[in-house]
Amino acid sequence: MWRRVISLSSSISSSKSTLSNQAAYRLKVWESLTTEPKGGIVSWDKTPFITFVLGGPGSGKGTQCEKIVETFGFTHLSAGDLLRREIASNSKDGTMILKAVIEGKIVPSEVTVKLIKKEMESSDNVKFLIDGFPRTEENRIAFEQMIGAEPNIVLYFDCPEKEMVERVLSRNQGRVDDNINTMEKRLKVFEALSLPVINYYSNKGKLHKIDAVGTVDEIFEQVRPIFDACKDNWSTTGDKMRI
Ligand SMILES: Nc1ncnc2c1ncn2[C@@H]1O[C@H](COP(=O)(O)OP(=O)(O)OP(=O)(O)O)[C@@H](O)[C@H]1O
Ligand SMILES: O=c1ccn([C@@H]2O[C@H](COP(=O)(O)O)[C@@H](O)[C@H]2O)c(=O)[nH]1
Ligand SMILES: [Mg+2]
């Protein structure tokens with residue numbers, strides 16, 4: 001079980017127009033606020049094993065997470081699902097989140113990390129799949145600052161845009177963002193803001209790139225050996241983070 005120590009303060013917003021300007025600006029503001037850790041870090045009784053699951057919209061992250069949960073006993077935290085739950089519960093951020101989701105924009109880091117943190121703190125599991133997060137460099141830094149941990153490994157489901165569009169448009173789960181208009185925006189955001197995060201973890205040697213074209217079972221056969229090779233690293237003893 002994770003314990004919360006201190007909580008972090010205000011969120012950040014920006015009025016810059018282009019995606020890359022906005023990302024750079026927000027990252028700069030965020031870094032200026034967080035050069036020294038200002039709290040919000042959680043402590044834990046057991047060593048966590050954190051996997052970030054990344055990929056474009058409709059690349060199959062959620063589908064593969066279900067298989068990883070079944071096979072390896074992870075707790076699946078989909079950032080998108082946590083945000084949709086906030087919308088459905090009419091929470092104070094619900095309207096802002098709904099607007100961002102319809103526009104394919106990224107919700108402020110503090111909001112998303114708080115939701116992820118709450119789930120991690122209340123879980124008895126130490127193995128987490130964090131699906132669809134971090135989506136920006138600012139998200140990534142916020143997670144490090146507020147959770148006080150980095151992922152052990154990062155999965156990247158690499159899927160052609162055409163395939164992602166087809167999958168999203170036939171998903172049929174009633175999601176407000178499963179339409180061509182929002183999908184085009186989400187793809188642009190993915191390329192401009194999320195690919196840099198993927199490159200960051202590639203440079204750190206933590207990235208496992210998976211060809212996301214094929215049947216669900218074929219794709220899982222690429223995923224399985226990654227976790228088989230990590231089994232020794234998710235021991236449940238110790239009180240220090242293993243990175
Ligand atoms: N390998 C596959 N081949 C064909 N369809 C797939 C495959 N994997 C998943 N799907 C289907 O594609 C759709 C999108 O999959 P999924 O929801 O897992 O993607 P995602 O990456 O989580 O998307 P999002 O980022 O929008 O949440 C679903 O309808 C799912 O059933
Ligand atoms: O970290 C996150 C994750 C998601 N969002 C917003 O939610 C939608 C849907 O996310 P999925 O992971 O595809 O379910 C996404 O387009 C964003 O608008 C977010 O802001 N931050
Ligand atoms: Mg998903």
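Val176 sits in the loop that runs between α7 (161–169) and α8, and that loop residue is a handy way into this predicted model. With a relative accessibility of 45%, Val176 counts as partly exposed, because that value falls between the 20% and 50% cut-offs. Around Val176 there's a surface patch and a buried threonine to look at, and then come two ligands and a set of salt bridges.

**Around Val176 and Thr182**

- Val176 joins Leu98 and Ile102 in making a nonpolar surface patch of about 210 Å².
- Thr182 belongs to helix α8, which covers residues 180–203.
- Is Thr182 buried or exposed? Thr182 is buried, since its relative accessible area is 2% and the cut-off for buried is under 20%.
- Leaving aside residues up to four places away in sequence, Thr182 touches Val101, Ile102, Glu103, Gly104, Val176 and Asp177.
- Ile102 and Val176 therefore turn up twice: they are among the contacts of Thr182, a residue with a relative accessible area of 2%, and both help make the nonpolar patch.

**The chain as a whole**

- You'll find nine helices and seven strands in the chain.
- The chain has 243 residues, and 49% of them count as buried.
- Take the contacts between residues at least 6 apart in sequence: 80% of those join residues at least 24 apart.
- The chain's accessible surface is about 12,000 Å², with 50% of it belonging to carbon and sulfur atoms.

**Ligand 1**

- There are 16 residues around ligand 1, and the ones that come nearest are Lys61, Thr63, Arg171, Arg175 and Gly214.
- Two glycines offer polar backbone atoms to ligand 1: an oxygen atom of the ligand is 3.0 Å from one in Gly60, and an oxygen atom of the ligand is also 3.0 Å from one in Gly62.
- Gly214 pairs up with a nitrogen atom of ligand 1 instead, with a backbone N or O atom lying 2.9 Å from it.
- On its own, ligand 1 has 620 Å² of accessible area, and the protein covers 78% of that.

**Ligand 2**

- Ligand 2 also has 16 residues around it, with Arg84, Lys105, Val107, Arg135 and Arg186 coming nearest.
- What lies 2.7 Å from an oxygen atom of ligand 2 at Lys105? It's a backbone N or O atom of Lys105.
- Val107 has a backbone N or O atom that lies 2.7 Å from an oxygen atom of ligand 2.
- Arg135 uses its side chain, where an N or O atom is 2.9 Å from an oxygen atom of the ligand.
- The protein covers 96% of the 450 Å² of accessible area that ligand 2 has on its own.

**Salt bridges**

- The structure holds 18 salt bridges.
- Lys67 and Asp217 meet through their side chains in one of them, at 2.9 Å from N to O.
- Lys67 is in helix α2 (residues 61–72) and Asp217 is in helix α9 (residues 216–228), so this pair ties together parts that lie 150 residues apart in sequence.
- Asp217 itself is partly exposed, at a relative accessible area of 47%.
- Arg171, one of the residues that come nearest to ligand 1, has its side chain in a salt bridge with that of Asp178 at 2.8 Å, N to O.
- How do the two partners sit with respect to the surface? Arg171 is partly exposed, with a relative accessible area of 24%, whereas Asp178 counts as buried at 16% relative accessibility.
- Another salt bridge brings together the side chains of Asp228 and Lys231, at 3.3 Å from N to O.
- Both of those residues are partly exposed: Asp228 has a relative accessible area of 37%, and Lys231 has one of 42%.
- Glu137, Arg140 and Glu144 form a network, linked by salt bridges.

**Pro48**

- Pro48 is found in the loop between β2 (42–44) and β3 (49–55).
- Pro48 is buried, with a relative accessible area of 3%.
- Along the chain, Pro48 and Met120 are 72 residues apart, yet their C-alpha atoms are separated by 9.4 Å.

Notes. Residues are numbered from 1 along each chain as its sequence is written. Chains are lettered from A and ligands numbered from 1 in the order in which they are written. This is a predicted model: local features need pLDDT of at least 70, side-chain atom pairs count only at pLDDT 80 or more; totals for chains, interfaces and linings use all residues. Side-chain values use heavy atoms; hydrogens and water are left out. Helices (H or I, at least four residues) and strands (E, at least two) are DSSP runs, numbered from the N terminus. Buried means under 20% relative accessible area, exposed over 50%, partly exposed in between (1.4 Å probe, protein chains only). Contact means heavy atoms within 4.5 Å. Patches are made of residues with over 30% relative accessible area and no salt bridge: like charges are joined within 9 Å, nonpolar side chains (Val, Leu, Ile, Met, Phe, Trp, Tyr) within 5 Å. Accessible areas come from the Shrake-Rupley method with a 1.4 Å probe; for residues, only the protein chains shown count as cover. A salt bridge is a side-chain nitrogen of Lys or Arg within 4 Å of a carboxyl oxygen of Asp or Glu. A residue is near a molecule or strand if one of its heavy atoms lies within 4 Å of it. A polar contact is a pair of N or O atoms within 3.5 Å; within protein, one must be able to donate a hydrogen and the other to accept it, and residues adjacent in sequence count only if both atoms are side-chain atoms.
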